[in-house]
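The following paragraphs lead through a single protein chain, from its sheets to its helices and loops. Please keep the sequence and the coordinates at hand while reading.

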Amino acid sequence: MKPTTKNILTASIWVVVAFALVAALVLGLIIYAVVSYLTRDTSEVDLADVSSPTGIVSYVEDNVLDRYEYADMFAGKVEASKTELVEITRKQENVLNVLLICTDVQNGNTVADMMIVLSMNAETGDVRMLSLGGDSYVPIDGHGWDKLCMSVAYGGPELAVNTVNRVFDLDVSQYAMIAKQDILAFFTEIAPLEVEMSVRQAEIFSNYFGWDCHPGMNSMNAEQLTTMVSFRDYADGVMVGDEVIIVTDADRMENIKMVARAVFRSLCALEFGTVSATVDTLWNHLDTNCTPITVKEGLQTLMSQSDKERLNLTSSSLPALNAPTYVLVQPDGYDAPAVATLYNYEALRLRIQNLLYGADDNN
């Protein structure tokens, strides 16, 4: 029996209704996705899962380093991949966090020899620095658990920033990366500087390098300044009298803090036009997503502080905030096991928040 005109019309109507419902559903999903994207809360970063570290061969006996060298044991060069910087809004509008990276080359790989979060408070003029330690064992997107320093080799400063934000719950949006050999060029522009050394610093540098230095103010040339901010000797320590002093990351941060204060005092003695010209001269040594204007405005803010003799600077390092566990690791690509530092990252996140955004100042 042939379908009647009425049946055909009814079927056609149901087909049209079905298509209309599907179209409405798709349109609704599109509208929902757009609205969700526009109203998304980007103030929180997607935190990395730090609960189950992998690649650990063994734990260092009694958690004490005994002539272990901090080294990256790679068989060959790592192929870096392009990484996009994940945008994240600031947790506090008045606080800007910048990741400073000093690089070195190991087995053909550009790795982070030093990683410091520089935090500047525009309202108070306070500056806080946190050394993250390149040997911190962390999850790196797309590469599993590895040393933090290797994030630069895998994906440049962008991957380093993304990793730092996800592991430590931070809001770093800008970075400045400089090669270890280029630090000397920076200090050559402004040396000599008067650096105020502690008793421990004076003993370490006098005994290890034979420098003529003492507790208090010391005039340091460019090579000495470069050594101060980069020196560490975890393997052998420094003999002071009859005692061996193990140089730690905390010592390195203390050196950097003293040099930073010396730089600050030097800059404040100059006209801002001279400081601005120095920034322009040194700019080609940096790999950064900052602009010269941003850097100059930051310097001008610091130089406007009432206390020109002393920078209100707080510095710390991960071991000072949370004692690490030393582990031997051998992730994919390692030719031999290497020592890394493993932390309680959940606890570190809270302490870092207090350091960078809190009111306490432990100079």
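In which sense do β2 and strand β7 pair, and over how many bridges? The two strands, β2 and β7 (residues 174–179), run parallel and are joined by six bridges; two strands count as paired if DSSP finds at least two bridges between them. Within this pairing, Ile 101 stands opposite Met 177, and Leu 99 has Tyr 175 as its bridge partner. Strands of a sheet pair through backbone hydrogen bonds, either parallel or antiparallel.

The model is a predicted one, in which local features need pLDDT of at least 70 and side-chain atom pairs count only at pLDDT 80 or more, while totals for chains, interfaces and linings use all residues. Residues are numbered from 1 along each chain as its sequence is written, and side-chain values use heavy atoms, with hydrogens and water left out.

The protein has 10 helices and 15 strands. These elements are DSSP runs numbered from the N terminus, with helices being H or I over at least four residues and strands being E over at least two. Of the 363 residues, 47% count as buried, where buried means under 20% relative accessible area, exposed means over 50%, and partly exposed lies in between (1.4 Å probe, protein chains only). Among contacts with a separation of 6 or more, 71% join residues 24 or more positions apart; a contact here means heavy atoms within 4.5 Å.

Strand β2 also pairs with β3. The strands β2 (residues 95–106) and β3 (residues 109–121) run antiparallel and are joined by 12 bridges, with Cys 102 matched to Met 114. They form a hairpin with two residues between them, and in its turn Asn 107 has a positive phi of about 50°.

Both pairings belong to an open sheet of six strands, ordered β12-β7-β2-β3-β4-β13, in which the pairing is mixed. Its edge strands are β12 (286–288) and β13 (313–317), each of which pairs on one side only. From one strand to the next, the twist averages 20°. Helix α10 (residues 345–357) lies across β2, β3, β4 (127–131) and β13, and runs at about 150° to β4. For such angles, axes are lines fitted to C-alpha atoms, for helices over the stretch in contact, and the values run from 0 to 180 degrees between N-to-C directions.

A further open sheet has three strands in the order β1-β14-β15, with antiparallel pairing. Because β1 (56–59) and β15 (338–342) stand at the edges with a single partner strand each, one side of each is left without a neighbour in the sheet. The twist in this sheet averages 40° from one strand to the next. Three bridges join β1 to β14 (residues 325–329), and Ser 58 stands opposite Leu 328.

Among the helices, α2 (residues 150–168) departs from a straight course. Its 19 residues place the end C-alpha atoms only 16 Å apart, short of the 27 Å that a straight helix would reach; the expected span is 1.5 Å times one less than the number of residues. A kink of about 125° lies at Gly 156, shortly before Pro 157, the bend being the angle between axes fitted to the seven residues ending at a residue and the seven starting there. In α2, 19 of 19 residues are buried.

Asp 169 lies in the loop between α2 and β7. Its phi is near 55°, a positive value in a residue other than glycine. At 13% relative accessibility, Asp 169 counts as buried. Most residues other than glycine have a negative phi, and most peptide bonds are trans.

Helix α3 (residues 180–190) has Ile 183, Phe 187 and Ile 190 as its buried residues. Seen down the axis of α3, these fall within an arc of 60°, so they line one face of the helix; the arc is that of the directions from the helix axis to the C-beta atoms. Gln 181 and Thr 188, on the other side of α3, are exposed. A cis peptide bond, with omega about 0°, joins Ala 191 and Pro 192, and Pro 192 is placed in the loop between α3 and β8 (193–197).

In helix α4 (residues 199–209), the buried residues are Gln 201, Ala 202, Ile 204 and Phe 205. They cover an arc of only 165° around the axis, which puts them on the same side of α4. Just after α4, Gly 210 takes a positive phi of about 75°.
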